[in-house]
Amino acid sequence: MTAPVLHRPHEGLTHQGLVYGSDEEFLAATVPFCREGLTRGDAVLAVTTGTNIGLLRHALADVSGQVEYVDAQDWYRHPGATLGAYHRYVDRCTATGTHQRVRVIGEPVWHGRDALESTEWTRYESAINVAFADCPAWIICPYDTRVLPSGVVADARRTHPELATAGAALVSDHYADSVDADGVWNRPLSPVRAEGEEAVLSFGADLTDVRTFVADTATALGLAPHKTQTLVFAVNEVATNAVQHGGGTGRLVLRRCGPRIVADVVNTGGAQAAWYLGYLPPDPRQPRGHGMWAVRALCDLLEVHTDREATTVRLHVGLD
C-alpha cells in the first residue's frame, strides 16, 4: 500500500512520476509545484509539450514569466545529451547561490520512438535517480495516459521512487532500485538486425588500428564524415577503458542496422561495469574519468551490459 511522502527542502534529489489523464489533473499537480517553488526562490523549468506549456502559462498567469519553458521535442533528443543539459541547468542556477534548488517539470517524448529507443529512455529515467542523487533538484515527470502505451506508464511507476498527485506524493510500490546490479535495469542487450556482414576487429593496447578500422568501415557503411569522426572518438574512448580497466584486450564489432551504425566494444576481465556507466557526471577537478560521460552525450544511444564473463558497451550513431 502506498504511503504519503513528506518533503524536506534541499536534501538532494526528489524524483516523482505524474500519471495524469486530463488537463485538469496535469495542472492540479504542476501549478502548485511551480508556485511554491517560485515563492521559495527556486528556479523553475518546464520541459513539456507545446499544449501543456500553453496551459501552464495561462494557469500561472501573474508569475508565468518567472518560469523557463522549453518544448520537450527540442530537449529530449538523446538520453546522454538530455542528462547533460539538465546538469548544466542545475549548475547554472545554483552555482552562484542565486537559487538553492531547482524544480523541473520534465515530460519525456515517447511518440515516434522504436522499441530500442523506448527501452533506453526508460533506463534514462531510472538513471536520473543515480546521476542526480546529490543534486538540489525536485523533478516531476508527467505521463499522459490519454496518449501513451500502457507499458510506458507502467514503467513510470518503476523508474520513479515517488508518484505525484494533486494533494501530496506517494511512495511507488513498483519502484525498481536503480543501483541493483542484478535487477531489472542490467538487462541483456537489445537484439539488432545487421544489414550485410559484421566487421570484426580484435585489439590490444595500441588503438591505432581501432581508429582506422572504425573510420574506414563506417564510411563504407554510409556514415557521414562528421558522424564518422564522432564514432571514431567514441569507440576510441570505450576501447581505451577496455584496455585500461579490463583484461588489456578487446573485440570490436561494427555493422549497419537500419538507420544506425552500431558498434560493440567487448572486453573480458576487470571489474564489472554498472549499466548506467557514463550517466554519472565526472568531477571537474579530476584529471580522468570524463570519457564515458562524453561518449553518452555524443551517441544517439548507448547500452551497457555486464556479467561475470564480459562487459559490452554498444554505441548507436544515426546515419542522419
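## Two sheets and their packed helices

Helix H7 (residues 208-220) packs with helix H8 (residues 225-245) at an angle of about 145 degrees, and their axes lie 9 Å apart. This is a predicted model, so please read everything below as a description of that prediction. Besides this helix pair, the briefing visits an open sheet of seven strands with mixed pairing, an open sheet of five strands with antiparallel pairing, a second helix pair formed by H1 and H2, and two individual residues, Trp 121 and Ala 61.

**Helix pair H7 and H8**

- H7 and H8 cross in a right-handed sense.
- On the H7 side, the residues that meet H8 are Val 210, Arg 211, Val 214, Ala 215, Ala 218 and Thr 219.
- Their counterparts in H8 are Thr 228, Leu 231, Val 232, Val 235 and Asn 236.
- Sorted by class, the residues of this contact comprise seven nonpolar, three polar and one charged.

**Helix pair H1 and H2**

- Helix H1 (residues 23-40) packs with H2 at an angle of about 55 degrees, with 10 Å between their axes.
- That angle falls outside the ranges for roughly parallel, roughly antiparallel and roughly perpendicular, so H1 and H2 count as oblique to each other.
- The crossing of H1 and H2 is right-handed.
- H1 contributes Asp 23, Phe 26, Leu 27, Thr 30, Val 31, Cys 34 and Arg 35 to the contact, while H2 brings Asn 52, Leu 55, Leu 56, Ala 59 and Leu 60.
- The classes here are eight nonpolar, two polar and two charged residues.

**The seven-stranded sheet**

- Following the open sheet from one edge to the other gives the order E3-E2-E4-E5-E1-E6-E7, with mixed pairing.
- E3 and strand E7 (169-171) are the edge strands, and each of them pairs on one side only.
- On average, neighbouring strands of this sheet are turned by 25 degrees against each other, direction ignored.
- H1, already met in the helix pair above, also packs on this sheet: H1 touches E1, strand E2 (43-48), strand E4 (102-106) and E5, and its direction makes about 160 degrees with that of E4.

**Strand E1 and its partners**

- Strand E1 (residues 14-20) runs parallel to strand E5 (residues 137-144), and seven bridges join the two.
- To find the register by eye, start with Thr 14, whose bridge partner in E5 is Trp 138; Gln 16 stands opposite Ile 140 of E5.
- E1 also pairs with strand E6 (residues 162-164), again in the parallel sense, over two bridges.
- In that pairing, Gly 17 stands opposite Leu 163 in E6.
- E1 is mostly covered, with six of its seven residues buried.

**The five-stranded sheet**

- The order in this open sheet is E8-E9-E10-E12-E11, and the pairing is antiparallel.
- Strand E8 (199-203) and strand E11 (301-306) each have a single partner strand, so one side of each lacks a neighbour in the sheet.
- Neighbouring strands of this sheet are turned by 15 degrees against each other on average, direction ignored.
- At the E11 edge, six bridges join E11 to strand E12 (residues 310-318), and the two run antiparallel.
- Within this pairing, Leu 302 has Leu 315 of E12 as its bridge partner.
- Helix H5 (residues 115-131) packs on the sheet, where H5 touches strand E10 (260-268), E11 and E12; the direction of H5 makes about 70 degrees with that of E11.

**Trp 121**

- Trp 121 sits in helix H5, the helix that packs on the five-stranded sheet.
- With a relative accessible area of 2%, Trp 121 lies under the 20% cut-off and is therefore buried.
- Apart from neighbours within four places in sequence, Trp 121 contacts Tyr 76, Arg 77, His 78, Pro 79, Thr 82, Trp 110 and Arg 113.
- Gly 80 is 41 residues away from Trp 121 along the chain, and their C-alpha atoms are separated by 9.8 Å.

**Ala 61**

- Ala 61 belongs to the loop between helix H2 (50-60) and strand E3 (68-71).
- Its phi is near 45 degrees, a positive value in a residue other than glycine.
- For context, most residues other than glycine have a negative phi.

Conventions. Residues numbered from 1 in each chain as written. Predicted model: local features only at pLDDT ≥ 70, side-chain atom pairs only at ≥ 80, totals over all residues. Heavy atoms only, no water. Pairing = 2+ DSSP bridges. Helix = DSSP H or I, 4+ residues; strand = E, 2+ residues; numbered from the N terminus. Axes fitted to C-alpha atoms, helices over the stretch in contact; angles between N-to-C directions. Contact = heavy atoms within 4.5 Å. Left-handed = near helix turned anticlockwise from the far one by under 90°. Nonpolar A, V, L, I, M, F, W, Y, C, P; charged D, E, K, R; others polar. Buried < 20%, exposed > 50% of the residue type's maximum accessible area, 1.4 Å probe, protein only. Parallel < 35°, antiparallel > 145°, perpendicular 65-115°, else oblique.
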